[in-house]
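Thanks for coming, everyone. Please have a look at the structure on the screen while I talk.

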Amino acid sequence: MANTPSNVIICVGMILVLLGNVNHAMITESPTPQPQPFKNFPMNGTTPGSLHPQECCPRCTARCSKTAYKKPCMFFCQKCCAKCLCVPPGTYGNKQFCPCYDNWKTKRGGPKCP
């Protein structure tokens with residue numbers, strides 16, 4: 001009587017349930033990778049309004065450090081920083097971090113801020 005079909009079905013069912021729980025316990029979700037900040041540039045001051053006016057000069061000095069046109073770069077960078085209170089990270093591009101800086105245009109439609 002120990003090997004009746006109902007006992008075999010019950011045993012097989014219990015084994016499947018146990019195996020299902022073991023496999024379910026092994027499945028884990030990996031965390032979503034987060035964007036890494038720029039290594040050589042502090043990220044504070046890269047969002048609109050996050051700088052104080054006295055912080056504009058050092059940020060613009062870093063922003064304009066690799067250009068051949070330092071005077072105009074510094075002039076417009078400081079003007080943009082005074083209005084937007086942010087300077088994008090790095091020496092070029094990355095204007096998406098500071099929409100005000102990115103959206104301020106010249107009369108001809110070109111970018112106002114370096």
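Start with residues 35-39. There pLDDT stays under 50. The model has five contacts beyond four places in sequence for this stretch. Where pLDDT is low, the predicted coordinates should not be read in detail. And yes, this is a predicted model. Over the chain, the mean pLDDT is 78. Of the residues, 69% reach 70 or more.

Now the overall layout. How many helices and strands are there? Four helices and zero strands. Along the sequence the pattern reads α-α-α-α. The chain has 114 residues, and 21% of them are buried. About 8600 Å² of the chain is exposed, and carbon and sulfur atoms supply 64% of that. Next, the contacts. Take those between residues at least 6 apart in sequence: 53% of them join residues at least 24 apart.

On to the disulfides. A disulfide is a covalent bond between the sulfur atoms of two cysteines. The cut-off used here is 2.5 Å between the sulfurs. By that rule, the count is six. Number the bonded cysteines along the chain, and the pairing reads 1-7, 2-5, 3-4, 6-12, 8-11, 9-10. I will take three bonds in turn.

Bond one: Cys 60 to Cys 77, with 2.2 Å from S to S. Where do these two cysteines lie? Cys 60 is in helix α2, residues 56-63, and Cys 77 is in helix α3, residues 70-84. So the bond ties together parts that are 17 residues apart in sequence. Which hand does the disulfide have? The torsion about the S-S bond is about -85°, so the disulfide is left-handed. Are the two ends buried or exposed? Cys 60 is buried, at 0% relative accessible area. Cys 77 is buried as well, at 0% relative accessibility.

Bond two: Cys 64 to Cys 73, at 2.0 Å from S to S. The angle about the S-S bond is -80°, and this link is left-handed. Cys 64 and Cys 73 are both buried.

Bond three: Cys 86 to Cys 98, at 1.7 Å from S to S. Here the angle is 45°, and the link is right-handed. Both cysteines sit in the loop between α3 and α4, where α4 is residues 99-103. They are 12 residues apart, and the pair links distant parts of the chain. Cys 86 is buried, at 0% relative accessibility. Cys 98 is buried too, with a relative accessible area of 0%. One more point on Cys 98. Its C-alpha is 9.2 Å from the C-alpha of Gly 49, and these two residues are 49 apart in sequence.

Now a cysteine without a partner. Why does Cys 57 have no bond? The closest cysteine sulfur belongs to Cys 60, and it is 7.3 Å from the sulfur of Cys 57, so that is too far for a bond. Remember the cut-off of 2.5 Å. Cys 57 is partly exposed, at 40% relative accessibility.

Let's turn to helix α2. Which of its residues are buried? Cys 56, Arg 59, Cys 60 and Arg 63. Look down the axis of the helix. These residues cover an arc of only 95°, so they lie on the same side of α2. What covers them? The cover includes α3 and α4.

That takes us to the nonpolar core. The largest one has 15 residues. Cys 60, Cys 77, Cys 81, Val 87 and Tyr 101 have the most contacts inside it. Helices α2 and α3 are the elements that give two or more residues to this core. The most come from α3, with six residues. Note that Cys 60 and Cys 77 appear again here. They are the two ends of our first disulfide.

Last stop: Tyr 101. What does it touch, leaving aside its neighbours within four places in sequence? Its cysteine contacts are Cys 77, Cys 80, Cys 84, Cys 86 and Cys 113. Tyr 101 also contacts Arg 63, Val 87, Pro 88, Lys 95 and Pro 114. Two of these names have come up before: Arg 63 is one of the buried residues of α2, and Cys 86 is bonded to Cys 98.

That's it from me.

Definitions and conventions
Residues are numbered from 1 along each chain as its sequence is written. This is a predicted model: local features need pLDDT of at least 70, side-chain atom pairs count only at pLDDT 80 or more; totals for chains, interfaces and linings use all residues. Side-chain values use heavy atoms; hydrogens and water are left out. Buried means under 20% relative accessible area, exposed over 50%, partly exposed in between (1.4 Å probe, protein chains only). The arc is that of the directions from the helix axis to the C-beta atoms. Contact means heavy atoms within 4.5 Å. Accessible areas come from the Shrake-Rupley method with a 1.4 Å probe; for residues, only the protein chains shown count as cover. pLDDT is the predictor's confidence in each residue, from 0 to 100. A nonpolar core is a set of buried Ala, Val, Leu, Ile, Met, Phe, Trp, Tyr and Cys residues joined through side-chain atoms within 4.5 Å.
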